[in-house]
Each structure stands twice: as C-alpha cells, then as structure tokens.
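Visitor: I'm new to protein models, and I'd like to learn what the labels mean. Could you show me one?

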Amino acid sequence: MKATGVVRRIDDLGRIVIPKEIRRTLHIKEGDPLEIFTDKEGEIILKKYSPIGELSEFATGYAETLSKTTGHIACITDKDTVIAVSGGSKKEFLEQALSPELEKVIENKEIYTSKENNEIALPITQNDNKERRYNSQVIYPIIADGDVIGSVILLSKEQNTKMGDTELKVVQSAAGFLSSQMDV
C-alpha cells in the first residue's frame, strides 16, 4: 500500500472525505460505488466497485465467442477499464484505462458505429495516442437498472472491413445479455 500523508477525521455521522486529488487520480466521481474491505491488521481498503467486473471470467468467455463468431476484435469494458478482450492483443487492451472519448460515449449511453473506413476511429484506451488503429468499430453501452455499467465493442484493423447492421445487432445482444446477468 502507498501512503499519501493525508489524514482525515470521521464526522459525527461516520463519514470521511476522500481528498479531491485522490478522487481525480482514481477517477472516482460523485455517486460512484466503493467496495469496502478490511484486513487482520485493522486496515480499511476502499476499492472502486465495478458491477460488471464481477463477471470478468464470464465476460472473457463471451468476448471469445463474439470474436470467433464475427472475426473481429471483441472488448468488454466496465466504466473505467477493459475487463475482457479476444481476437486482439491482451497487452494492448486488457485492464487498460478507457480513453476520455470512450468514457463520454458510454456515459451518454450512445451507440457508436464507424461504418466506413474513412471515418475517424474512436480511441479505446488512453494509450491509443489518437492514432488511427481501427478501420471500423461498433460500441454499445451495457445498461443495468437504467445505469451504464460498461460497453461491448467490436473492432477491425482490416482495411476493407465495414461494420453494419449485423455487427450492431451482435453487440446489442451481447450488451443485453450481460446486463441481464447483473440481475441474476
């Protein structure tokens, strides 16, 4: 664990304020759920809670099926990171922070499709550096109980690939299925 040197007091309602700098660094926004852990030494550990992260093993299998079925790179994300990838470099995607552009699309519950190869591709991770890595892509939000919890993404690096209605229906089905698993 890394010491921050910040000390806070608990108020009369049992609340503690997480400093703005730490919230900014860890991408914790107002209303974000935090998971609370304790250990034998009496430490309390707060971790940003990812409902879809609990399904990461299941999401990995689903991404593999999507990739094999479509022949494209398949990614499944929570609101902050890529939690499953298949058909592409795990090093390039897995557990990488999402780009601000993708976070905005997901948060706004937008469905994004770049159908033509001449359209600019949306960067997926922060490491994309605005390079055009994908010739076509489809992004569909995963929504559970009205809240966005992640996204399903299909990407292609192939020169003449176009994403169409079939790919859109595939990611829509995947997002719906993953959303339904949250209710189980």
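Visitor: Why does Phe 177 count as partly exposed?

Guide: Its relative accessibility is 35%. Buried means under 20% relative accessible area and exposed over 50%, with partly exposed in between (1.4 Å probe, protein chains only), so Phe 177 counts as partly exposed. Please note that this is a predicted model, where local features need pLDDT of at least 70, side-chain atom pairs count only at pLDDT 80 or more, and totals for chains, interfaces and linings use all residues. Residues are numbered from 1 along each chain as its sequence is written, and side-chain values use heavy atoms, leaving out hydrogens and water.

Visitor: And what makes Ile 36 exposed?

Guide: Ile 36 has a relative accessible area of 60%, and exposed means over 50%, so the label fits.

Visitor: How do you know that Phe 58 and Tyr 62 form an aromatic pair?

Guide: The structure holds 3 aromatic pairs. For Phe 58 and Tyr 62, the rings are 6.3 Å centre to centre, with 50 degrees between the planes. Rings of Phe, Tyr and Trp (its six-membered ring) pair if their centres lie within 6.5 Å; planes under 30 degrees apart are stacked, over 60 edge-to-face, and the rest tilted. Therefore this is a pair, and a tilted one.

Visitor: Why is the pair of Phe 58 and Phe 177 called tilted?

Guide: Their ring centres are 5.7 Å apart and their planes at 35 degrees, so this pair is tilted. Phe 58, Tyr 62 and Phe 177 form one aromatic cluster.
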